[in-house]
Structures are given as structure tokens and as C-alpha cells.
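Let's take a walk through this protein together. Keep the viewer open and turn the model as you read.

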Amino acid sequence: MLNVAILGFGTVGSGVAEVLTMNKELLAKKVGQELNVKYILDTREFPGNPFESKIIHDFSVIENDPEVQLVAECIGGATIAYEFVKKCLQAGKHVATSNKELVAVKGYELLQIAKEKNVNFFFEASVGGGIPVLRPLSFDLAGNEITQVAGIMNGTTNYILTKMLGEGAAFADVLKDAQAKGYAEANPAADVEGLDACRKTCILSALSFGFHVYPDMVPTEGITKITEEDVAIAASANMKIKLLGRTMLTADGKVCAFVAPNFIPVSCPLAHVDDVFNAILVRGNAVNETMFYGPGAGKLPTASAVVGDLADAAWHLTARRDLDWADADESKMMNVRDLELPYIVRTNEPADKVMAALGEAEKLAADGYKLAKPMTLAQIEASGLQLTAVRPVFA
Ligand code: HSE
């Protein structure tokens with residue numbers, strides 16, 4: 001039998017306890033031994049809860065119990081969770097986390113500790129909720145040079161965009177609904193301002209390109225400035241508008257990562273990812289293009305990924321999975337402002353002035369223009385035009 005401690009009994013932590021219990025026999029067969037929930041750490045009491053007897057409040061009990069081999073960290077944030085995960089790894093325990101902030105901010109350091117202690121530090125649930133994407137990217141696609149990863153990676157904002165733009169629902173109502181369903185972050189500004197997608201983009205960047213990319217290296221815009229005009233412009237260009245996290249290898253071998261609302265042609269499968277679903281599209285020089293799709297948030301889907309990590313740790317108790325990357329290197333990054341991309345530009349300037357400044361462009365609905373050739377944001381801004389918005393096209 002292997003003992004599991006769950007840190008945090010919120011949406012994800014309670015989901016992990018539920019999945020480990022619901023699929024107990026099945027997991028025991030797959031893993032070769034039982035995964036037993038020994039402790040659940042939380043500051044709160046849970047009277048009447050079926051897991052009430054497992055609740056403890058003192059982390060040191062877990063840290064000092066040599067019978068706890070596996071830890072699921074579901075607290076969130078990069079303060080207490082960081083301290084606890086670090087101590088668990090240092091104590092020789094394998095850790096699975098759903099915490100994207102922790103991995104985006106402390107991933108390099110924690111992986112180094114895991115390596116020294118010959119234990120696994122897994123975080124499949126941190127990107128795409130229940131979607132298996134980090135293992136395929138790290139292992140199954142190892143034969144590729146990854147050229148670009150682009151994903152709809154925040155379930156809350158995709159849910160909001162789908163309900164607002166498709167059904168005319170009000171922002172505040174849909175956000176409340178997303179919170180009630182357990183999709184949103186404790187502070188939903190992290191969802192709507194793009195920070196959650198930014199953290200996930202950092203993790204995908206590190207796995208794709210081999211060095212840590214910190215959140216402040218990823219220019220980030222959320223969904224709060226998307227308007228009905230953007231939707232009308234997208235429709236007139238046969239496109240949809242979605243919040244994408246993108247990380248790519250540039251022509252001169254640098255990495256460019258950013259988060260922004262993108263126009264996506266309807267011929268691209270990303271354009272059809274709605275509601276709380278996420279999808280991560282990966283381009284590689286051998287596979288060409290592949291896309292991973294599924295529920296991006298929610299209790300049991302996220303728990304599914306954490307429990308998968310626990311099972312993998314159980315399969316690799318002594319020979320740890322070789323998952324690792326180098327520390328950040330700013331010199332290997334290119335700012336998106338300097339990268340030529342196809343753009344749709346919104347401006348109320350007269351069409352002839354727009355074309356004179358930016359070259360041939362297709363006039364779309366409202367104040368939108370689709371540029372005929374890729375340009376840099378810096379070039380577009382230097383045109384002198386009064387710009388309402390400049391949005392990349394995913395091509
Ligand atoms: N708040 C996140 C989302 C949860 O909406 O996608 C999953 O990481």
C-alpha cells in the first residue's frame with residue numbers, strides 16, 4: 001500500500017480524494033498496490049464530510065511521516081504551497097500538483113530539488129485541467145523540434161466568451177456561474193486578465209523549449225477589452241475570437257511567448273473550442289500539427305490529472321521520470337512586439353490613410369482591417385494611425 005497526503009481540501013483536493021476513493025480497486029490493479037488517502041491537510045473543519053477523519057491541520061505530521069510516499073498539492077498560490085512542496089520533496093516524497101502559479105514561478109527550483117532527491121515532481125493538472133498534454137509534449141513528442149504551442153487554456157474566460165458572445169449573457173452573471181461551477185480562480189481577475197493563461201504558457205514554454213520562462217517574460221492581455229465590434233469583425237473575416245496563450249520558436253531561434261485575444265480562422269479546430277473546454281495545439285517538425293482537447297477546469301477532470309500523476313509516481317518510485325529544464329535565459333527570448341505576425345487592426349481612420357500607412361489591407365466589418373502581410377506591433381504602432389485595437393491572427 002502507498003499512502004497519499006492531500007494538501008488543501010478545496011475544489012481540486014476534494015476531487016482527488018473522491019477519485020482515489022471512487023476508483024480505489026481499479027487503481028490498485030493498475031498501480032499494483034493500493035493508493036490510500038492517509039491525511040488531508042486544511043485549515044478548516046469539515047463536519048459530516050466522508051473524509052472528516054482524515055483532516056489534519058499540522059503540515060509537519062505529513063512531512064515527518066515516512067509512510068507518506070505521495071503528496072497531492074491542491075492549495076494553490078506560490079507561498080504556503082511552495083514551502084510545503086519544497087519540504088515534501090526534500091523529505092523524499094513524490095509530489096503531484098495542480099498549481100500552475102507554483103510551477104510557473106518555482107518550477108525550475110522544485111524540479112532541481114526533485115532531481116537531487118530522486119523523486120518525481122509532476123504537474124499535469126496545471127495546464128488544461130483534465131487534458132493529458134504535458135506528458136505527450138514532454139515524452140511522446142520528444143522526436144520533434146517543437147515550433148509552436150497555442151492554446152485556449154483558461155476555462156473560465158472561454159466559458160465567459162462563449163456565453164457572452166454566443167448567447168448575449170451578461171459578464172457578471174456568467175462569471176458568477178463559472179465561480180459556482182468551480183472553474184474560476186480564488187481571485188477571478190487572474191482568469192479575466194489573462195494571468196492564469198500566462199502561467200500555463202510559461203509551463204508549456206519550459207517543456208517545449210527547455211528553459212524556464214517566468215510570467216513577467218510573457219506579455220499578457222486578458223478578455224476585458226474584447227467588444228461586440230471584435231466579434232463582428234471576426235465574423236466578417238470568417239474567424240472567431242478567443243484568448244490564446246502562444247509560445248513559439250522564431251526564425252532566428254528565439255522563443256516568443258504571449259497571451260492575447262487572437263482572431264482564429266474557422267478552418268482551425270481551435271475556433272470551435274467552446275464553454276469550459278480547453279485545447280492545446282502543438283506544432284512540431286515531424287508530427288506537423290496535433291491538438292489536445294478536453295475539460296480545462298472543474299473538480300473531477302482536474303482531479304483525474306492529479307491522480308494520473310500519483311499513479312505515474314507510484315510506477316516510478318525509484319527510477320524517477322526524467323522531467324527537467326534549465327533556468328530562465330532572457331537572451332533567448334524575443335518580445336512579441338518585435339515578431340512579424342498577421343494582424344487585424346482596428347482604427348477609425350479613413351481606408352486610404354490606413355492602406356498608405358500599413359500597405360494593402362482587407363476592410364472588414366466595423367472598424368477592422370486585415371493586413372495583407374505580417375508586420376511587427378512596433379511597426380504598426382509607428383504608423384501614426386489612431387488605433388482602437390491591434391489583434392494577432394492565429395495562422
Ligand atoms: N481558473 C482556471 C480556469 C482553472 O478557468 O481554467 C483551471 O486551471
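The paragraphs below go from the sheets to a few single residues and then to the ligand.

First, some ground rules. This is a predicted model, in which local features need pLDDT of at least 70 and side-chain atom pairs count only at pLDDT 80 or more, while totals for chains, interfaces and linings use all residues. Residues are numbered from 1 along each chain as its sequence is written, and side-chain values use heavy atoms, with hydrogens and water left out.

Let's begin with the parallel sheet. Six strands make up an open sheet with the order E3-E2-E1-E4-E5-E6, and their pairing is parallel. Strands and helices here are DSSP runs numbered from the N terminus, with at least two residues (E) for a strand and at least four (H or I) for a helix. Two strands count as paired if DSSP finds at least two bridges between them. At the edges you will find strand E3 (55–56) and E6, each pairing on one side only. Strand E2 (residues 35–41) pairs with E3 over two bridges in the parallel sense, and Leu41 has Ile56 as its bridge partner in E3. Helix H1 (residues 11–22) lies across strand E1 (2–7), E2 and strand E4 (68–73), at about 155° to E1. Such angles run from 0 to 180 degrees between N-to-C directions, with axes fitted to C-alpha atoms, for helices over the stretch in contact; contact means heavy atoms within 4.5 Å.

Stay with this sheet for a moment and look at His94, which sits in strand E5 (residues 94–97). Is His94 buried or exposed? His94 is buried, with a relative accessible area of 4%. The scale is simple: buried means under 20% relative accessible area, exposed means over 50%, and partly exposed is in between (1.4 Å probe, protein chains only). Not counting residues up to four places away in sequence, His94 touches a set of residues including Gln69, Leu70, Val71, Asn118, Asn120 and His316. A polar atom of the His94 side chain lies 3.0 Å from the backbone nitrogen of Asn120.

One of those neighbours, Asn118, deserves a look of its own. Asn118 is in the loop between helix H5 (100–116) and strand E6 (121–122). Although Asn118 is not a glycine, its phi is positive, at about 55°. Asn118 is partly exposed, at 37% relative accessible area.

Now move along the chain to the antiparallel sheet. Four strands form an open sheet in the order E13-E14-E12-E15, with antiparallel pairing. Strand E13 (361–363) and strand E15 (389–392) are at the edges with a single partner strand each, so one side of each has no neighbour in the sheet. From one strand to the next, the twist averages 25°. In the middle, strand E12 (residues 343–346) and strand E14 (residues 368–371) run antiparallel and are joined by three bridges; Arg346 has Gly368 as its bridge partner in E14. Two helices lie across strands of this sheet. Helix H11 (residues 228–236) crosses E12, E14 and E15 at about 130° to E12, whereas helix H13 (residues 351–358) lies across E12, E13 and E14 at about 30° to E14.

The loop between E13 and E14 holds Ala366, a residue that is not a glycine yet has a positive phi of about 50°. Ala366 is partly exposed, with 47% relative accessible area.

Next, find Asp327 in the loop between helix H12 (299–315) and E12. Asp327 is partly exposed, at 34% relative accessibility. Which residues does Asp327 contact, leaving aside its neighbours within four places in sequence? They are Tyr108, Phe211, His212 and Tyr214. The side chains of Asp327 and Tyr214 are joined by a polar contact of 3.0 Å, the term for a pair of N or O atoms within 3.5 Å; within protein, one must be able to donate a hydrogen and the other to accept it, and residues adjacent in sequence count only if both atoms are side-chain atoms.

Finally, turn to the ligand. It is surrounded by 13 residues, the closest being Lys100, Gly155, Thr156, Tyr183 and Glu185; a residue counts as near if one of its heavy atoms lies within 4 Å. A polar side-chain atom of Glu185 lies 2.6 Å from a ligand nitrogen atom, and a backbone N or O atom of Tyr183 lies 2.7 Å from a nitrogen atom of the ligand. Asn154 has a polar side-chain atom 3.5 Å from a ligand oxygen atom. The protein covers 92% of the 260 Å² of accessible area that the ligand has on its own, with areas from the Shrake-Rupley method and a 1.4 Å probe.
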